[in-house]
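Here's a quick tour of how the chains in this assembly meet, with a few stops at side chains along the way. Have the viewer open as you read.

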Amino acid sequence: MTDVAISRRGLRVLKACFGLLLLFLYAPILIMAVFSFNDSITVTFPLSGFTLRWYREFLSNGELMVALRASAIVAATSSAIAVALGISAAVALVRKRFFGKGAVSGLLLAPLVIPYLILGISLLILFNAAAIPLSILTIATGHVVISVPYTVLVLVPRLERVSVSLEEAARDLGASGPRTFRSVTFPLILPAVISAFLVAFTLSFDEVVVASFLAGDQVTFPVYLYSQLRFPTRLPQVIALAVAVMAVSGFVVIGAEIGRRIADRRLATQLASAGTPETRGIP
Amino acid sequence: MAVEAGADLKVTSGSRHMRMRRRLATLGLLSPSLVYMGIFFLLPVGLVVAYSLGALTLFPGDRYLSLESWGYVFGRSLYMDLFWKSVRMSLTVSVLVVTFGYPVAYYLAMGARKRKYVLLIVLIAPFLTSYLLRVLAWKVILGGNGVINSLLYSTGVRDPGDPISWLIYSQFAVILVLVYVWIPFVALPIFASLDNLDRSLLEAATDLGASRWKTFWKITFPLSIPGVIAAFIFVFIPTIGDYVTPALVGGTRGYMYGNAISDLFLGAFDWQTGSALAIFLLIVVATLIAIFGRFLNVRTVTIE
Amino acid sequence: MSTPRASRVAIGLEGVRKRFGSITAVRQVTLEIREGEFFSMLGPSGCGKTTTLRLMAGFEEPDEGRILLRGVDVTGVPPNRREVNMVFQHYALFPHMSVFENVAFGLKLRRVARQEIRQRVMEMLEVVRLEGTERRRPGQLSGGQQQRVALARALVNRPTALLLDEPLGALDVKLRKEMQLELKRIQLELGTTFVYVTHDQEEALAMSDRIAIMNNGDVEQIGSGREVYERPATTFVAGFVGLLNELDVRVDEVQGDIAVMRTGDDERVVVSADDARPGDRLRIAVRPERICIEERSAPHTAHGSRLGGVIARVAYLGTFTQFHVDTSIGIRVTSHRLNDERTDMLSAGDQVFLCWGRDDAFILGGAGSSGGDVA
């Protein structure tokens with residue numbers, strides 16, 4: 001096909017741009033990976049031999065492990081709550097008609113465009129005014145606010161793709177509202193529920209600003225990391241940890257994406273075979 | 001639609017009852033999230049406003065019902081200078097990021113064909129890994145004894161102990177790292193606007209005699225402006241409120257508005273001035289959203 | 001404005017072939033579109049008609065063969081330098097420009113003087129009857145109006161030929177009929193060559209001077225509407241254009257150039273056949289509207305075909321009624337009759353005779369081997 005958007009030479013130039021950008025994005029990560037195996041206390045050239053010492057060290061760092069555990073708890077709690085809130089809000093936004101829909105979705109999505117710094121200090125003032133002591137629970141409370149917009153954004157499009165007529169069919173066959181949700185709607189949006197949970201989990205697990213303001217005695221992993229980075233004393237160890245975390249989250253991201261793709265394709269075929277209006281041809 | 005119209009026609013006591021129940025169901029679905037966001041988002045923001053005015057005080061030193069903290073914000077050139085410096089830095093970052101992101105998003109949407117979603121994931125993946133660790137990478141690279149400087153020492157280009165001074169703890173470092181952090185993200189809204197572009201519009205322009213260059217400037221670019229604006233806003237807002245990156249690689253030269261707020265809260269314990277600064281920032285952000293909100297199709301931010 | 005130049009060729013395709021990967025979209029197409037004619041390319045989806053159109057526009061390049069515009073080889077010339085313009089399937093109007101800007105787009109690129117642009121755009125909007133909409137955006141127009149803008153935008157450049165890719169597909173039935181007449185009116189008014197791609201045979205018949213029937217990347221027949229309808233060159237054309245009854249029969253007797261099949265007492269099928277011999281198997285086709293229905297009691301008439309049967313189903317279709325008749329030779333035949341008192345009387349289960357004239361039936365090519373369901 002004669003491409004009306006890009007000439008052959010233009011394509012070559014753009015490919016080069018893309019390649020350079022990828023280099024820019026991945027080179028620092030690669031450099032980190034290299035130095036995480038470098039047998040030297042300073043992160044400098046020349047390299048001085050291979051070691052797994054830094055990986056062993058961070059695994060035996062008790063403080064760090066406790067912080068990781070705290071983060072896992074915060075992330076699991078906050079994303080479970082955020083997903084639950086997100087599901088009910090998404091169902092209302094997509095399926096119901098009510099006054100002030102724009103304002104409601106505006107409120108639910110607003111944390112997306114408010115600097116986390118402002119969210120952090122505002123919750124700090126709230127908890128102080130209410131005399132609630134700071135703990136990992138206050139962090140989780142804040143992370144729910146951050147995560148809700150993302151869960152809504154992941155769930156709404158999926159819900160929109162599930163035809164109302166499927167739910168109407170279930171109602172027609174005698175299912176109650178909750179029953180219809182449980183046996184028709186929920187199974188069909190399950191992949192989106194899972195990816196909403198994953199998005200919220202990663203968001204919380206990596207969040208440092210709100211957590212810094214709301215942490216009590218027990219800090220989360222990013223807060224711990226932040227303190228280590230400002231005054232680096234154990235840099236190689238932190239680098240090894242960074243590489244490990246990036247590798248794990250990389251796998252999670254790729255896995256989640258592949259899973260979502262498969263689920264999407266399955267939904268498409270399910271909907272096609274169910275003959276929903278969007279796929280049904282002219283009679 | 002037809003079903004509902006039919007239902008509206010027979011207004012019996014039964015259907016009024018139905019409507020009531022439907023309303024209750026909607027309320028039941030909406031209230032958990034609305035109540036939560038009301039208590040933990042709207043109320044706290046209101047408290048910050050109250051705190052900045054001294055209508056709410058928590059510490060003995062707080063000034064009760066006073067505009068003094070607002071006076072500090074506008075009166076002391078310190079904060080306003082810092083604000084404008086941060087605006088300049090954030091603008092620089094946003095412009096750079098959009099300028100570099102556009103051709104890449106264009107390539108993905110227009111030139112990458114079947115592989116475009118795979119390549120998009122490759123591009124976005126770094127954004128989905130830890131923010132702090134990506135900043136750490138640059139701290140390690142740019143540091144006085146970091147990768148670049150030590151490479152220069154070991155190859156004899158520079159003498160040991162004479163690092164390139166502007167590499168770290170400078171505005172340059174902050175801008176570089178923020179660009180690094182946000183570039184994958186801007187590609188999304190721009191990509192979405194280009195990917196949604198109806199190809200036959202480009203064919204129509206070509207058919208009417210436009211060269212590729214003309215087609216781009218008369219059709220493609222104008223139609224992708226909403227994506228560009230969205231990308232711009234979605235980068236500008238978090239960067240102007242950021243304090244983590246400047247704290248890690250900015251030093252005193254790269255100190256930003258966000259650092260002032262966080263230091264007032266966590267260090268100097270002048271929460272009132274901090275609140276006033278935060279509310280001022282919030283007003284700026286809200287104004288931007290009010291002006292450009294219609295371009296912010298937030299859905300483009302999730303990978304869909 | 002339109003001087004008859006029937007001899008000149010607007011677009012010529014010479015042995016054009018186009019492949020997409022392993023799929024051959026267009027194989028070896030050769031055709032000539034005359035200046036000023038309304039030329040349709042008709043076929044089912046995937047037959048290669050749109051690809052052929054895009055080859056003319058320059059959006060695709062042929063793997064083999066040449067494309068000529070007014071006798072000049074334009075193979076390899078990019079679409080923006082070809083003097084043809086296209087009306088896209090979903091109009092492809094630029095959403096960020098007004099109607100005026102859309103229509104003026106091509107002229108501006110050609111650096112036509114501003115005054116002239118204004119004049120030509122307004123003239124063209126008048127031709128397509130859209131006066132007064134020039135300030136509006138495409139999104140504010142109805143489907144039919146958008147269609148007219150798309151037409152004006154292409155025609156204002158005075159192209160060698162206007163290429164239309166199923167332009168009426170998105171409109172509802174009533175509007176589609178209206179636009180068919182409009183298109184024809186505009187084409188006659190401006191004398192522009194129209195190349196029209198459609199899968200709707202009625203549309204093609206209603207507007208075209210000539211129709212190319214395409215199937216599987218090949219042109220099966222080119223001819224006027226009457227030619228392709230009444231004298232289809234291939235089985236595919238016969239089946240695709242209009243409804244058709246097909247009868248597989250064996251020749252019992254040849255009288256001059258007429259083959260006769262006796263199918264029972266008083267019943268026979270006749271068809272003009274040049275060199276048929278007794279014993280040959282033929283596949284005969286008759287259009288439903290050519291078949292009349294008589295009650296059993298009606299007297300034997302004429303020299304045409306006459307076939308007994310029972311009405312299986314009656315479908316009332318407004319202007320005419322469709323009868324499905326199970327004939328004595330075991331084939332269900334469809335007959336269309338304009339509604340009158342007589343058709344009202346007939347109902348399912350009635351014993352009837354079907355009859356049609358000698359020239360109403362024609363022989364389909366290549367039936368000799370495949371026939372066999374007639375005893």
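## A pair of side chains to start with

A polar contact here means a pair of N or O atoms within 3.5 Å, where, within protein, one must be able to donate a hydrogen and the other to accept it. Keep in mind that this is a predicted model. With that cut-off in hand, look at A:Ser204 and A:His143: their side chains are joined by a polar contact of 2.8 Å.

A:Ser204 sits in helix α8 of chain A, which runs over residues 177-206. Is A:Ser204 buried or exposed? Its relative accessible area is 4%, so A:Ser204 counts as buried. Setting aside neighbours within four places in sequence, A:Ser204 is in contact with A:Val74, A:Ala75 and A:Ser78, as well as A:His143.

For a contrast in burial, try A:Leu137, which belongs to helix α6 (residues 136-161) of chain A. A:Leu137 has a relative accessible area of 59%, and that puts it in the exposed class. Its C-alpha atom is 9.9 Å from that of A:Ala70, a residue 67 places away along the chain.

## Where chain B meets chain A

How many residues of chain B are in contact with chain A? The count is 92 on the chain B side, against 88 residues of chain A. Together the two chains bury about 8,300 Å², with carbon and sulfur atoms giving 79% of that area. On chain B's side, B:Met37, B:Leu133 and B:Arg212 supply 8% of the area buried against chain A, which is more than any other three residues.

Now for the polar side of things. The rule finds zero salt bridges across the interface of chain B and chain A, while seven residue pairs are in polar contact, both partners being at pLDDT 80 or more. Helix α2 of chain B (residues 13-52) gives the most to the side touching chain A, with 19 residues. By class, that side of chain B has 66 nonpolar residues, 16 polar and 10 charged.

## Where chain B meets chain C

The contact between chain B and chain C involves 16 residues of chain B and 23 residues of chain C. About 1,700 Å² is buried between these two chains, and 66% of it is on carbon and sulfur atoms. In chain B, the residues that lose the most area to chain C are B:Glu203, B:Asp207 and B:Leu208, together 41% of what that side buries.

Chain B and chain C share one salt bridge. Which side chains meet in it? They are B:Glu203 and C:Arg54, at 2.7 Å from N to O. There are also six residue pairs in polar contact between chain B and chain C (both at pLDDT 80 or more). Helices α9 (199-207) and α10 (212-240) of chain B each supply at least two residues of the side that touches chain C, and α9(B) has the largest share, with seven residues. That side of chain B divides into eight nonpolar, four polar and four charged residues.

## Aromatic pairs and a cluster

Over all chains, a search of the whole structure turns up 41 aromatic pairs. Take A:Phe37 and A:Tyr55: the ring centres are 5.2 Å apart and the planes are at 25 degrees, so the pair is stacked. A:Phe37 lies in the loop between α1 (8-36) and α2 (53-59) of chain A and A:Tyr55 in helix α2 of chain A, so the pair ties together parts 18 residues apart in sequence. A:Phe37 is partly exposed at 28% relative accessible area, whereas A:Tyr55 is buried at 16%.

In chain C, the rings of C:Phe94 and C:Phe105 have centres 4.9 Å apart and planes at 55 degrees, so this pair is tilted. Both C:Phe94 and C:Phe105 are buried. There's also an aromatic cluster with members from two chains: A:Phe213 and A:Tyr226 join B:Tyr51, B:Phe59, B:Tyr243, B:Phe265 and B:Trp271.

## Chain C as a whole

Chain C has nine helices and 21 strands, and its C-alpha trace spans about 80 × 45 × 40 Å along its principal axes. Of the 375 residues in chain C, 53% are buried. Looking at contacts in chain C between residues at least 6 apart in sequence, 66% join residues at least 24 apart.

How values were computed. Residues are numbered from 1 along each chain as its sequence is written. Chains are lettered from A and ligands numbered from 1 in the order in which they are written. This is a predicted model: local features need pLDDT of at least 70, side-chain atom pairs count only at pLDDT 80 or more; totals for chains, interfaces and linings use all residues. Side-chain values use heavy atoms; hydrogens and water are left out. Contact means heavy atoms within 4.5 Å. Buried area is the accessible area (1.4 Å probe) that two parts lose on being put together, summed over both. A salt bridge is a side-chain nitrogen of Lys or Arg within 4 Å of a carboxyl oxygen of Asp or Glu. Helices (H or I, at least four residues) and strands (E, at least two) are DSSP runs, numbered from the N terminus. Ala, Val, Leu, Ile, Met, Phe, Trp, Tyr, Cys and Pro count as nonpolar, Asp, Glu, Lys and Arg as charged, and the others, Gly among them, as polar. Rings of Phe, Tyr and Trp (its six-membered ring) pair if their centres lie within 6.5 Å; planes under 30 degrees apart count as stacked, over 60 as edge-to-face and the rest as tilted. Buried means under 20% relative accessible area, exposed over 50%, partly exposed in between (1.4 Å probe, protein chains only).
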